[in-house]
Amino acid sequence: AQRTLVLVKPDGVRRNLVGEVLRRIEAKGYSLVALQLRTADRELLAGHYAEHEGKPFYEPLVEFMSSGPVVAAVVEGHRAIEGFRSLAGATDPTTAAPGTIRGDLGRDWGVAVQQNLVHGSDSPESAAREIALWFPELG
Ligand code: ATP
């Protein structure tokens with residue numbers, strides 16, 4: 001089975017949506033392999049968001065992502081990478097389809113970074129890289 005890294009971002013933890021996000025993942029048939037609640041430091045986030053370094057939203061993104069605890073999960077299942085991204089919906093919570101996590105629960109607060117509740121790896125390469133960053137003990 002395939003593994004993906006899922007984050008419930010600080011807005012999701014602050015809004016008490018951790019259970020709701022995990023419920024949707026489990027209801028879809030995926031399994032939790034590892035789970036942790038922690039506040040990410042800038043070093044971890046620099047690794048996680050290396051591809052966005054230099055973009056205008058990079059600094060606010062790292063600031064936001066380190067503003068409070070996140071839940072990191074390794075989620076497993078057949079085609080779990082694509083499957084979770086489908087559950088999450090489009091990046092912009094205003095236009096994310098209803099039925100998705102971001103479409104049902106996310107909103108645009110008019111701030112510099114999209115506070116869109118969750119992250120999911122976008123490819124097998126990203127998943128392997130991100131799982132190694134967040135859960136080095138699984139390596
Ligand atoms: P994620 O990677 O978080 O699952 P994604 O793949 O839809 O979502 P990316 O393009 O990887 O989004 O961007 C990472 C994060 O940076 C987004 O989830 C969002 O929080 C923020 N972000 C991306 N693009 C923008 C933008 N144009 N303006 C503000 N914030 C953005």
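**Notebook: His119, the ligand shell and strand S3**

I looked up His119 and found that it counts as buried, because 23 C-beta neighbours lie inside 10 Å; the cut-offs are 20 or more other C-beta atoms within 10 Å for buried, 12 or fewer for exposed, and partly exposed in between, with C-beta atoms placed from the backbone. I note that this is a predicted model, in which local features need pLDDT of at least 70, side-chain atom pairs count only at pLDDT 80 or more, and totals for chains, interfaces and linings use all residues. Residues are numbered from 1 along each chain as its sequence is written.

I placed His119 in strand S4 (residues 118-120); strands are DSSP runs of E with at least two residues, numbered from the N terminus. Leaving aside neighbours within four places in sequence, I found His119 in contact (C-beta atoms within 7 Å) with Val6, Leu7 and Lys9. The unreviewed UniProt entry lists His119 under "active site", an annotation that may be inferred rather than shown by experiment.

I then listed the residues around the ligand (C-beta within 6 Å): Phe57, Leu61, Thr91, Val113, Gln114, Asn116, His119, Gly120 and Asp122. I sorted this shell into three nonpolar, five polar and one charged residue, with Gly counted as polar.

Finally I examined strand S3 (residues 70-77), which is largely enclosed by the rest of the structure because six of its eight residues are buried. S3 runs antiparallel to S1 (residues 2-8), joined by seven bridges, where pairing requires at least two DSSP bridges. Leu7 stands opposite Ala72 in S3. Seven bridges also join S3 to S2 (residues 31-38), again antiparallel, and Ser31 stands opposite Glu76.

Note on methods:
Helices (H or I, at least four residues) and strands (E, at least two) are DSSP runs, numbered from the N terminus. Two residues are in contact if their C-beta atoms, placed from the backbone, lie within 7 Å.
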